Structures are given as structure tokens and as C-alpha cells.
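Dear colleague,

I am passing on to you the structure below, together with its sequence. Please look it over with the notes that follow beside you.

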Amino acid sequence: MEPILLPAVWTVFTGYLLWWMLVVKRSEPITADEAKMLWKIHKKNAHCSGQKWEPLRRKGDRIEGFQCECGYQYEQKRPIVAGTHRTSKQVYMNPFEENLTL
Ligand SMILES: [Zn+2]
């Protein structure tokens, strides 16, 4: 390998590592309004009859998710590279939705 190329490779690698750490550590909080909207979507999708929801892990006026009266939990997490499995797992956590998908 050319000696000049090596620092360039390390720069790219370090940059990638920093970016990765930033993305992994960053969970995007949502507002109470957004949670309410997501809860309404959940109610509609799961034919849920829950009347109440509770915010999860509140940070000031931002929250990281919510729990529905029926036990459904939603956590706002930024998908890491190809992290779509998490979303499908969350769907299966809900007994109402499980009945629908089966
Ligand atoms: Zn529910």
C-alpha cells in the first residue's frame, strides 16, 4: 500500500467510526403531540380500545416513547444500519396486532 494512502484510510475510518457512534447513541425524542399521533395510529391499526397512554422516559418536553393502556409500547429509536427488525418486533409485542398479522 502507498504510504500516502494510509493516513487517508485512517481518516475515513475514524470519520466512519465517529459517525457510527453518533448514530447509535442518538435516540430521537418525540414531542407529546407526536406521541399522541402515533398512539392514535396504533389504536387504529391494532383496533385498540385503550383510552389512555403514558409517556416513556420523559426528557423535558420530549419523550422517548409511550405506553398504551392495552400494554403496547412504542419506543422512538433511530434505525441503525438495516435496523428494521426492531420495528417488526415491536409489532409482535402487541397481542392485538399479532392476531391481525397471523
Ligand atoms: Zn393500545
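Just after helix H2, His47 takes a positive phi of about 50°, a value that comes, like everything else in these notes, from a predicted model. The helix that precedes His47, H2, covers residues 32-46, and with its 15 residues it reaches 20 Å from the first C-alpha to the last, which is close to the 21 Å expected at 1.5 Å a residue.

Which residues of H2 are buried? They are Ala35, Trp39, His42 and Ala46, and because these buried residues fall within an arc of 60° when H2 is seen down its axis, they line one face of the helix. This agrees with a general point: an α-helix has 3.6 residues a turn, so residues three or four places apart point the same way. On the face of H2 turned away from that buried side, you will find the exposed residues Asp33, Met37, Lys40, Ile41 and Lys44.

The strands deserve a look as well. Strand E1, at residues 30-31, pairs with strand E3, at residues 62-68, in the antiparallel sense over 2 bridges, and Thr31 has Arg62 in E3 as its bridge partner. E3 is also joined by 3 bridges to strand E4, residues 73-75, and these two strands run antiparallel; here the bridge partner of Phe66 is Tyr74 in E4. E3 and E4 form a hairpin with 4 residues between the strands, and in this hairpin Gly71 takes a positive phi near 105°.

With best regards

Technical notes
Residues are numbered from 1 along each chain as its sequence is written. This is a predicted model: local features need pLDDT of at least 70, side-chain atom pairs count only at pLDDT 80 or more; totals for chains, interfaces and linings use all residues. Two strands pair if DSSP finds at least two bridges between them. The expected span of a helix is 1.5 Å times one less than its number of residues. A residue is buried if 20 or more other C-beta atoms lie within 10 Å of its own, exposed if 12 or fewer, and partly exposed in between; C-beta atoms are placed from the backbone. The arc is that of the directions from the helix axis to the C-beta atoms.
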